[in-house]
Amino acid sequence: MCTRVVYLGEGDRVLTARSMDWNADMGTNMWLFPRGMVRNGAAGANSLTWTSRYGSVVSAAYDVATTDGMNEKGLVASGLWLAESEYPATDDGRPRLSVAAWAQYFLDTFATVTEAVDAVSADDTFAIATSGVPGQDRDTTMHLALSDPTGDSAILEYLGGKLTVHHGRSYQVMTNSPPYDQQLAINTYWDEIGGTVMLPGTNRAADRYVRAGFYVNAIPQVEDRTIATAAVFGVIRNASVPYGITTPGQPNISSTRWRTVADHKDGRYFFDSVLSPSVIWVDLPKIDFSESMPTRKLDLTTNPSEIHGGDVSTLFEPAEPFAFANAG
């Protein structure tokens, strides 16, 4: 239901783009979180606790979950649906973290992908616990993608109750099902055919993976910010699902609701709603993320017509932080 790509341009121009495909309006707002926030993993009595080291800008789902965002060090976290996810048993003794807070934990805590991977691989710090999807009779099942200004990437999945990590610059593309090792196998087949001969054109996750993988490396690999951003937007729009599309019997194919593009080098985070004629963005270097600053919110749902295109860095208003969906 989503697609994520990492663009590796010349020099140190790295951008991460993702689409958010979903079967209902998610009421997405944007939030600015400062350093020094005391967090709780929202997973019952044995919840993980931490204090945020870095400030971040995020796009929230239902104002109960961080689904995408970038921190002030340029680390990007993107949560995508994975129906095959199986999270650990609730009685293994490890601190628990709601899947709704999974992306936020990494944005709060780490500056690079390597730091994040080393932390979760070395000491098995926590276990993810699922929570229900608001308004729907099903649990949330996601995998998580991380990327940073060096172009490094990691894909984190819970399969059979165990964490699987794919770590390296080569893991530029991710969609939904199947699990990531199978996505890589599918792409190997299409690499032999070649994208200039034929590309699969449906909205299925596997087909979107192939198209995104071909185009993100076919577009100009440049350092110029304007050209790189335009090219990456073209790739993620090519992998989007037209608004209003539903596929009977295939609930994993849903309309694209919004897209983001994160420029790791310049700290610019774009947000592109399919219901808006214009793209907006936040320039993180302009944001004061100090501990003395409040949480701030950009309301994109109450009066969306009032949000015009361009830099919205100064339009956020102080607000109480949302509570992560409880998985206890």
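In the predicted model, strands β2 (14-21), β7 (65-71) and β8 (76-81) each contribute at least two residues to the lining of the largest cavity. This cavity has a volume of about 260 Å³, and its lining comprises 23 residues. Met 26, Ala 61, Thr 67, Thr 140 and Met 142 are the lining residues that lie nearest the centre of the largest cavity. Sorted by class, the lining of the largest cavity consists of 16 nonpolar, six polar and one charged residues. In total, the structure contains three cavities of 30 Å³ or more.

The second largest cavity has a volume of about 40 Å³. Its lining is formed by Thr 66, Thr 67, Gly 79, Val 99, Trp 102, Ala 103, Met 142, His 143 and Leu 144. At least two of these residues come from each of β7, α1 (102-109) and β11 (142-147), and β11 provides the largest share, with three residues. Five residues of the lining of the second largest cavity are nonpolar and four are polar, while no charged residue is present. Thr 67 and Met 142 belong to the lining of the second largest cavity and also lie among the residues nearest the centre of the largest cavity.

His 143, one of the residues lining the second largest cavity, is located in strand β11. The residue is buried, with a relative accessible area of 0%. A polar atom of the His 143 side chain lies 2.9 Å from the backbone oxygen of Thr 175. His 143 is also in contact with Trp 102. Leaving aside neighbours within four places in sequence, the contacts of Trp 102 further include Leu 97, Phe 126, Ile 128, Met 142, Leu 144, Leu 156 and Tyr 158.

Trp 102 is also part of the largest nonpolar core, which has 89 residues. Within this core, the residues with the most contacts are Met 30, Leu 97, Trp 102, Phe 106, Phe 126 and Val 282. Helix α5 (residues 225-238) supplies the largest share of the core, six residues. Of the core residues with the most contacts, Leu 97 and Phe 126 are in contact with Trp 102.

Helix α1 is mostly covered, with eight of its eight residues buried. These are Trp 102, Ala 103, Gln 104, Tyr 105, Phe 106, Leu 107, Asp 108 and Thr 109. Gln 104, Leu 107 and Asp 108 are among the residues touched by Ser 56. Ser 56 is found in strand β6 (residues 56-61) and is itself buried, at 0% relative accessibility. The side chains of Ser 56 and Gln 104 make a polar contact of 3.2 Å. Apart from residues up to four places away in sequence, Ser 56 also touches Trp 31, Leu 32, Phe 33, Met 70, Asn 71 and Phe 289.

The largest pocket encloses about 450 Å³ of space. The pocket is lined by 20 residues, and Phe 271, Ser 273, Leu 275, Leu 300 and Pro 304 are the closest to its centre. Strands β15 (256-263) and β16 (268-273) are the elements that give two or more residues to this lining. The lining of the largest pocket divides by class into 11 nonpolar, seven polar and two charged residues.

Several loop residues were examined for backbone geometry and burial. Most residues other than glycine have a negative phi, and most peptide bonds are trans. The bond joining Ser 177 and Pro 178 is cis, with omega about 0°. Pro 178 is found in the loop between β14 (173-174) and α3. Positive phi values occur at Tyr 62, near 60°, and at Asp 63, near 50°. Tyr 62 lies in the loop between β6 and β7, as does Asp 63. With a threshold for burial of under 20% relative accessible area, Asp 63 is buried because its value is 17%. Tyr 62, at 24% relative accessibility, counts as partly exposed.

Pro 200 lies in the loop between α3 (180-193) and α4 (205-218). The relative accessible area of Pro 200 is 8%, so the residue is buried. The C-alpha atoms of Pro 200 and Leu 107 are separated by 34 Å, and the two residues are 93 residues apart along the chain.

Methods. Residues numbered from 1 in each chain as written. Predicted model: local features only at pLDDT ≥ 70, side-chain atom pairs only at ≥ 80, totals over all residues. Heavy atoms only, no water. 1 Å grid on protein atoms, 1.4 Å probe; cavity = no way out; pocket = protein on both sides within 12 Å on 5 of 7 lines; lining within 4 Å. Points joined across faces, edges and corners; volume = space filled by probe spheres on them. Helix = DSSP H or I, 4+ residues; strand = E, 2+ residues; numbered from the N terminus. Nonpolar A, V, L, I, M, F, W, Y, C, P; charged D, E, K, R; others polar. Core = buried A, V, L, I, M, F, W, Y, C linked by side-chain atoms within 4.5 Å. Buried < 20%, exposed > 50% of the residue type's maximum accessible area, 1.4 Å probe, protein only. Contact = heavy atoms within 4.5 Å. Polar contact = N/O pair within 3.5 Å; in protein donor to acceptor, adjacent residues only side chain to side chain.
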